[in-house]
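Visitor: Could you show me how to read helix packing and a chain interface in a model like this one?
Guide: Sure, let's look together.

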Amino acid sequence: MLDSAEGYVTEDGRKIGGVVMEMKNITLRFGGVVAIKDISFDIREGEIRAIIGPNGAGKSSMLNVISGFYVPQEGEVWFHGSKRPPMRPYEVAQQGIARTFQNIALFEGMSVLDNVMTGRLGYMKTNIFQQALWKGKAEAEEVENREAVEKIIDFLEIQHIRKTPVSRLPYGLKKRVELARALAAEPRLLLLDEPMAGMNVEEKEDMSRFILDVNDEFGTTIALIEHDMGVVMDLSDRVVVMDYGRKIGDGTPHEVRNNQEVIDAYLGVSHD
Amino acid sequence: MPDQLIFAMEVFLNGLMAGVLYALVALGFVLIYKASGIFNYAQGVMALFAAMTLVGVMNGQVPFAHLINATFGTHVYTFGWSVPALVAIIVTMGVMVLLAWAVQRFVMRHLVGQEPIILFMATIGLAYFLEGFADLMWGSEIKTLNVGLPQGINLWIDESTFNIFGYGFFIDNLDIVATVIAALLVAALVAFSQYTKQGRAMRAVADDHQAALSVGISLNFIWIMVWSVAGFVALVAGIMWGTKSGVQFSLSLIALKALPVLMLGGFTSIPGAIVGGLIIGVGEKLFEFSIGPLVGGATENWFAYVLALIFLVFRPQGLFGEKIIERV
């Protein structure tokens, strides 16, 4: 493997580009509790980047820092080559960072289609009167957005539940709808918070396949948090390992797996 | 046709018209409740405030005249001009948007994530504040509001029913106008919430805050917008009621009549608010007509509430409300 400022080529031959997002010396505290301690890492164009660690390691906090739900006390967040000022979560989303949540945040009262359509809100540029009256460019725009959404719905194989209210769906499908909504925004960076949590083996396999396909088909840059070590090692190009808010490892799955500190802190404890 | 039946028909029609006005007020409640889960007790006072502001602007009244005169010993009461109704309505709408911003900035923003009951209490406080504020701003005397809406008996209906039944129905022109405006308003609100980006965002915020943030929706903006729309509905209701019965403080009490309407129609349904309003309007008029004389009259004061009570027992979510399902 070759690692340079311009990017590198993965083991399976995919070309990874330059740095999309860079976290520099991030420290996040809640009162006296240090959730994240002086962590730096980068995420590159087109790669699948995993953040792993035992419970309470600060993984979710890190994802929340990236998506703007938490503002770190120290450190800088760089996105596409410029330093990001403190932002609210919706502004981060408007910048092209989409996310899913560990315990699913969907619009339960809406249908699957409507849920996914909300991902396109940022692409609706016609004014409110045109939209209400269905006049002018509004119709063309709506059709365009619907096409983009239908493509994603097809891709994630949820056509059969398009019109179903989300509240009636089983857990695994809800996770997939959430992914669809995030994808509908055509994000420059996609954040997945434990996409496989609470799933059975079959659902996990499906979700892994979708994540790989999304990355492959749309070239989406993905950062994900995951508990399941096996899944992470198969999926990701590079892995950050956290423990008690510190970074204890960073590299390819192979490198991380052989890192003694990681083995002690995580692998050695939870696996034989 | 027997006279009683003809009278009943007239009562029925008048009930429909009255119901439209109830529905107008109920609509404002539903809007805010749907978008933020807040039951806005101040909706009725907002209608009052809007109507008072409209009258004040039209008559060129100096706001806070009493306060200014008491402080500086001056004697200013009016600017000495009068503003055309349409311009005054636009200015009033501006004031309502400003009010929406202030409510969000100074009250609701500090209560994000609190229990619904706390938000409800905050709106009660808001109601009393706004009532006093309106008093201070425009004075407490009863005012007449005339924005040029037609009033009085509709002669066409009177004549044509006279030709058919030999008895002319009394239908107020204002009620007909109110019905048309309410229908337009509902159509506009439905188009807004179903087809526009802002409407979709509004529904999204109502459903899940976190999810809404993650797709790039600013909660703050949506809430200001929702309160502005509710302010607009309050303005329309204020104009209708104000024209009908004068702009006075009892106007804020019409909010209480909206409560049974909401219990019938469901707190989350726009069509529910309309149908609920009509049922209450027709129900109380027909009840007064048929049963009223037997029990000494004045049934209109309590009929709506009893009806709501019965609904609460048998169908607490209302006719159109979302089903309440508890999973164990």
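Visitor: How do people describe a pair of packed helices?
Guide: Two packed helices are described by the angle between their axes and the distance between the axes. Here, the axes of α8(B) and helix α10 (residues 219-245) of chain B cross at roughly 105 degrees and come within 10 Å. Axes are lines fitted to C-alpha atoms, for helices over the stretch in contact, with angles running from 0 to 180 degrees between N-to-C directions. So α8(B) is roughly perpendicular to α10(B) (65 to 115 degrees counts as that).
Guide: By the way, this is a predicted model, where local features need pLDDT of at least 70, side-chain atom pairs count only at pLDDT 80 or more, and totals for chains, interfaces and linings use all residues. Residues are numbered from 1 along each chain as its sequence is written, with chains lettered from A and ligands numbered from 1 in the order in which they are written.

Visitor: Which residues make the contact of α8(B) with α10(B)?
Guide: From α8(B) come Gln198(B), Ala201(B), Met202(B) and Val205(B), and from α10(B) Leu219(B), Ile222(B), Met225(B) and Val226(B). Contact means C-beta atoms, placed from the backbone, within 7 Å.

Visitor: At what angle do α7(B) and α8(B) pack?
Guide: About 75 degrees, with the axes of α7 (residues 173-195) and α8 (residues 197-207) of chain B 5 Å apart. These two are therefore roughly perpendicular as well.

Visitor: And how many residues of chain A are in contact with chain B?
Guide: 24 residues of chain A, against 20 of chain B. The largest share of chain A's side, 4 residues, comes from α2(A).

Technical notes: Two residues are in contact if their C-beta atoms, placed from the backbone, lie within 7 Å. Angles under 35 degrees count as roughly parallel, over 145 as roughly antiparallel, 65 to 115 as roughly perpendicular and the rest as oblique.
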